[in-house]
Amino acid sequence: MLTKIFYHILGLLVAFCLLFAVLITVTETLLYRVDGYFAKEYQKYAVTERVDMRLSDLLSVTDEMMDYLKGDRENLNVEAVIGGVQDVRELFLQGLALRRGAVFVGVLAAAFLCLKKRQAVLLRMLQWGIAGVLCTMLGLGALISMDFTKYFTYFHLIFFDNMDWYLNPKTDLLINIVPEGFFRDTALRIAGMFLAVSLLFWLMAGALRRRLK
């Protein structure tokens, strides 16, 4: 009985590791791989007029900021323009490191279950884990959509240990470059991509379960 429970827990662990890796990957993909995303958002919210910069210059600053956040730059020459990004960088780099750890742990757990001939348990727990996470996300999404500003603030209070993120649009350029609407659009796109990829994995697990039977 305990062995059976252990196998089920390992299967759920694989599911959660997979979904965490997917979340970080779709976030990285949207911010670094989708051509024109920032330009489209800047035009949507008339950012160039708000900060009195040409779009090309604004995109250049954005490229420097994103390289810094990913750890591809040791310093940020435009710190005066985007002050307070240090905590964001640490959070982003920690997310990338945790993704590597999640992939490693998930692969080990999946390999162990396969060696024990528990592929059916693995696939079933994958589906259960994915379904549970997706249902939770849909519920949270419905809640957050009622007051995005409120829960956006909660997010910062939970993940940041200082108030550098609390910016004044009259004095801080960063909040004018990436207004709240930008974060709302980005969160919606990340959620949509995550749901689509997760659903694909759920369908694949189901197809493999049917083949095993």
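Which residues does Thr48 touch, not counting residues up to four places away in sequence? Met53, Arg54, Leu55 and Leu58. I'll come back to Thr48 in a moment. One caution before that: this is a predicted model.

Let me start with the overall layout. The protein has 9 helices and 0 strands. From the N terminus on, the order is α-α-α-α-α-α-α-α-α. There are 213 residues, and buried ones make up 36% of them. Now the contacts. Take the pairs at least 6 apart in sequence: 73% of those contacts join residues at least 24 apart. The accessible surface comes to about 13000 Å². Carbon and sulfur atoms account for 65% of that surface.

Back to Thr48. Thr48 sits in helix H3, residues 47-51. Is Thr48 buried or exposed? Its relative accessibility is 18%, and the cut-off for buried is under 20%, so Thr48 counts as buried. Its side chain makes a polar contact with the side chain of Glu49, at 2.9 Å. There is also a long-range pairing to look at. The C-alpha atoms of Thr48 and Ile177 are separated by 8.0 Å. Along the chain, those two residues are 129 apart.

Keep Ile177 in mind, and turn to the core. The largest nonpolar core has 26 residues. Which members touch the most others? Leu31, Tyr32, Phe38, Tyr42, Met66, Ile177 and Phe194. Several helices feed this core. H1, H2, H3, H4 (55-69), H5 (86-115), H6 (119-146) and H9 each supply at least two residues. The largest share comes from H1, with 7 residues. Apart from this core lies another one, of 13 residues. Tyr7, Ala110, Leu123 and Ala205 are among its members.

Staying with H1, look at His8. Helix H1 covers residues 2-32, and His8 is in it. His8 is buried, because its relative accessible area is 17% and the limit is under 20%. Where does its side chain go? It reaches the backbone oxygen of Lys4, at 2.7 Å. Leave aside neighbours within four places in sequence, and His8 is in contact with Val121, Arg124 and Met125.

Next, charges. How many salt bridges does the structure hold? It holds 4. I'll walk through three of these.

The first pairs Arg189 with Glu41. The closest N and O atoms are 4.0 Å apart. Arg189 lies in helix H9, residues 180-212, and Glu41 in helix H2, residues 37-44, so this bridge ties together parts that are 148 residues apart in sequence. The two ends differ in burial. Arg189 is partly exposed, at 31% relative accessible area. Glu41 is buried, at 1%.

The next bridge joins Asp185 and Lys44. Here the closest N and O atoms are 2.9 Å apart. Asp185 is in helix H9 and Lys44 in helix H2, so the pair links parts that are 141 residues apart in sequence. Asp185 is buried, with a relative accessible area of 7%.

Then there is Glu180 with Arg184. Their side chains meet at 3.7 Å, N to O. Why are these two about one helical turn apart? Because they are 4 residues apart in helix H9. Glu180 is partly exposed, at 28% relative accessibility. Arg184 is partly exposed too, at 32%.

Last stop, the surface. Which residues form the nonpolar patch there? Tyr154, Phe155, Leu157, Ile158 and Phe159. Together they have about 530 Å² of accessible area. Take Phe159 from that group. Phe159 is placed in helix H7, residues 148-159. At 48% relative accessibility, Phe159 counts as partly exposed, because exposed requires over 50%.

To recap. The fold comes to 9 helices and 0 strands. H1 gives the largest share of the largest nonpolar core. H9 and H2 are tied by Arg189 with Glu41, and also by Asp185 with Lys44. The patch on the surface includes Phe159. And Thr48, where we began, is buried in H3. That's the tour.

Note on methods. Residues are numbered from 1 along each chain as its sequence is written. This is a predicted model: local features need pLDDT of at least 70, side-chain atom pairs count only at pLDDT 80 or more; totals for chains, interfaces and linings use all residues. Side-chain values use heavy atoms; hydrogens and water are left out. Buried means under 20% relative accessible area, exposed over 50%, partly exposed in between (1.4 Å probe, protein chains only). Contact means heavy atoms within 4.5 Å. A polar contact is a pair of N or O atoms within 3.5 Å; within protein, one must be able to donate a hydrogen and the other to accept it, and residues adjacent in sequence count only if both atoms are side-chain atoms. A nonpolar core is a set of buried Ala, Val, Leu, Ile, Met, Phe, Trp, Tyr and Cys residues joined through side-chain atoms within 4.5 Å. Patches are made of residues with over 30% relative accessible area and no salt bridge: like charges are joined within 9 Å, nonpolar side chains (Val, Leu, Ile, Met, Phe, Trp, Tyr) within 5 Å. Accessible areas come from the Shrake-Rupley method with a 1.4 Å probe; for residues, only the protein chains shown count as cover.
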